[in-house]
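Good morning. I have one structure to go through today, and I will keep to what can be computed from the atoms.

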Amino acid sequence: MDTSLIAFMESQLEQTTSTFHRYMYPQIAWDSRMFGLIGPRGVGKSTMFLQYIKEHRHEKQMLYVSAEHIYFTTHTLIEVADTFAIEGGQQLFIDEIHKYENWSRELKQIYDAHPEMKIGFTGSSVLDISKGQSDLSRRALIFTMQGLSFREYLSMFHDINVPVYALDQILHHEARIQSLLHPIPLFREYLQHGYYPFAAEGNFDMRLHQVVNQTMEVDIPQFANMTPATGRKLKKLLAVIAQSVPFKPVMDSLSTVIGTSRNVLPDYFLYMEQAGMIGQLRDNTSGIRGIGKVEKVYLDNTNLAYVLGGQATDTGNIRETFFYNQLRVTTNVISSRISDFTIDGKTFEVSGKKKGKKQIADVTEGYVVRDDIEYGSDNFIPLWAFGLMY
């Protein structure tokens, strides 16, 4: 195996710690013949692969490569896999697969040529496995990972370990952070800079702006075959959203503002949603999760809202953004005709601590989710508790 690839893997492993694992770590089928881990930039996909290798490399022969390594300017993934197989390699991990031009075709060839080898890869969340040059959807298990929950933030940044709570446990006031009497100060920290693991590296605002720029100017245009000019329009659209969320998009007005056809805007919104830049709250008309009429558009998470919205960031928007962002990972969140959200027939009104039950008075099972309260009672639930669900 090329020494530069081995040296790169060792340097990456040297920098990797295993003191904290993301929520997806135990959910991934690591021994599958082929699996992919996709998600927005900066949520820790590469680190998860490296952690697994560091903890299990004594059990089998593994190789970690990044598809953006300079080695692949003159070599192919197939060459690496063939050489690794000859040397007895058992598990190949390919990071940033979306940076490699013929990724789907070569992954299929590796899969077919080396049935004894297990293959894992990471990719951008806008990567559509079924639309590559060779359909991998029947071969690869695909896992999707989002950013840190409030629970994970407490563990990673403050060494406060809290179990995962189900929605029903939270609604029955069972959620507790045993070693933290007053959770709201750390909850405020999380809302501003706790969603992305790279906050531990410092210069958070600068790093998040870089994530936004790369996503909007490189990732989405690359996968949607857009021109650089269209990429700039996408970024302008994100800026408009940041100043207006949550809002129901009026396509005619937006098309005028950013100078594009209204017919392409739904696609633009979908690309931005898949890339982890926005969240689209839908109704339940289709009966299929993730598909339906868009009722509201949010920025994807509260960190983006604070960094892109600046001083104009609205408190009510932050509350709704957090609730939708956290609960969409484990539940199907849809819009409510009379309140903010509906989940499994339950209605949720997200508000400040002075909000009463008036808006949900006539629903069968309604809850007021209050910011600024430490603990709940009756149908009043503290907002921070919904950050303990994954």
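I will take the open and closed spaces, then helix packing, then backbone angles, then some single residues.

Before anything else, this is a predicted model, and local features are reported only where pLDDT is at least 70.

Let me start with the largest pocket. The space in this pocket comes to about 1200 Å³. Its lining counts 43 residues, and those nearest the centre are G44, S46, T47, F198 and E201. If you want to find the lining by element, the ones that supply two or more residues are α1 (3-14), α2 (45-56), β2 (62-66), β4 (118-124), α5 (150-158) and α8 (204-223). Which of these elements gives the most to the lining? That is α2, with six residues. As for chemistry, the lining of the largest pocket splits into 12 nonpolar, 21 polar and 10 charged residues.

Staying with α2, one residue there deserves a look. L50 sits in that helix, and its relative accessibility is 4%. The cut-off for buried is under 20%, so L50 counts as buried. Setting aside neighbours within four places in sequence, the contacts of L50 are Q12, L13, T16 and Y64. For a sense of distance, take L50 and Y268: they are 218 residues apart in sequence, and their C-alpha atoms are 33 Å apart in space.

Now the closed space. How many cavities of 30 Å³ or more does the structure hold? There is one. The largest cavity has a volume of about 60 Å³. Its lining is made up of I170, H173, A175, R176, E374, Y375, G376, I381, P382, W384 and A385. By class, that lining has seven nonpolar, two polar and two charged residues.

Next, helix packing. Helix α7, residues 184-193, and helix α12, residues 302-309, have axes that come within 5 Å of each other and cross at roughly 65°. Angles of 65 to 115 degrees count as roughly perpendicular, and α7 and α12 are therefore described that way. On the α7 side the contact is made by Y190, L191, Q192 and H193, and on the α12 side by T302, N303 and Y306. Sorted by class, the residues of this contact are three nonpolar, four polar and no charged.

Helix α7 comes up again with α5. In α5, the residues F150, R151, E152, Y153, L154 and S155 are buried. What do the buried residues of α5 pack against? They pack against α7 and α13, the latter running over 315-327.

Follow the chain out of α5 and the backbone does something to note. Just after this helix, D159 takes a positive phi of about 55°. As background, most residues other than glycine have a negative phi. I160 lies in the loop between α5 and α6 (167-171). Is I160 buried or exposed? I160 is buried, with a relative accessible area of 11%. Apart from neighbours within four places in sequence, I160 touches L154, S155, I177, S179, L180 and L186. Of these contacts, L154 and S155 are among the buried residues of α5. By contrast with those contacts, I160 and P246 are 32 Å apart, C-alpha to C-alpha, with their positions 86 residues apart in sequence.

Two further aspartates belong in the discussion of phi. D344 is not a glycine, yet its phi is positive, at about 50°. Its place is the loop between β9 (341-343) and β10 (346-351). D344 has a relative accessible area of 62%; exposed means over 50%, so D344 is exposed.

D378 also has a positive phi, about 55°, and is not a glycine either. The loop that holds D378 runs between β11 (366-370) and β12 (380-382). With a relative accessible area of 48%, D378 counts as partly exposed.

One last residue, this time in a strand. I142 belongs to strand β5, residues 141-144. Its relative accessibility is 33%, so I142 counts as partly exposed. How far apart are the C-alpha atoms of I142 and F35? The separation is 5.7 Å, although the two residues are 107 residues apart along the chain.

That is the end of my list, and I can take questions now.

Key: Residues numbered from 1 in each chain as written. Predicted model: local features only at pLDDT ≥ 70, side-chain atom pairs only at ≥ 80, totals over all residues. Heavy atoms only, no water. 1 Å grid on protein atoms, 1.4 Å probe; cavity = no way out; pocket = protein on both sides within 12 Å on 5 of 7 lines; lining within 4 Å. Points joined across faces, edges and corners; volume = space filled by probe spheres on them. Nonpolar A, V, L, I, M, F, W, Y, C, P; charged D, E, K, R; others polar. Axes fitted to C-alpha atoms, helices over the stretch in contact; angles between N-to-C directions. Helix = DSSP H or I, 4+ residues; strand = E, 2+ residues; numbered from the N terminus. Parallel < 35°, antiparallel > 145°, perpendicular 65-115°, else oblique. Contact = heavy atoms within 4.5 Å. Buried < 20%, exposed > 50% of the residue type's maximum accessible area, 1.4 Å probe, protein only.
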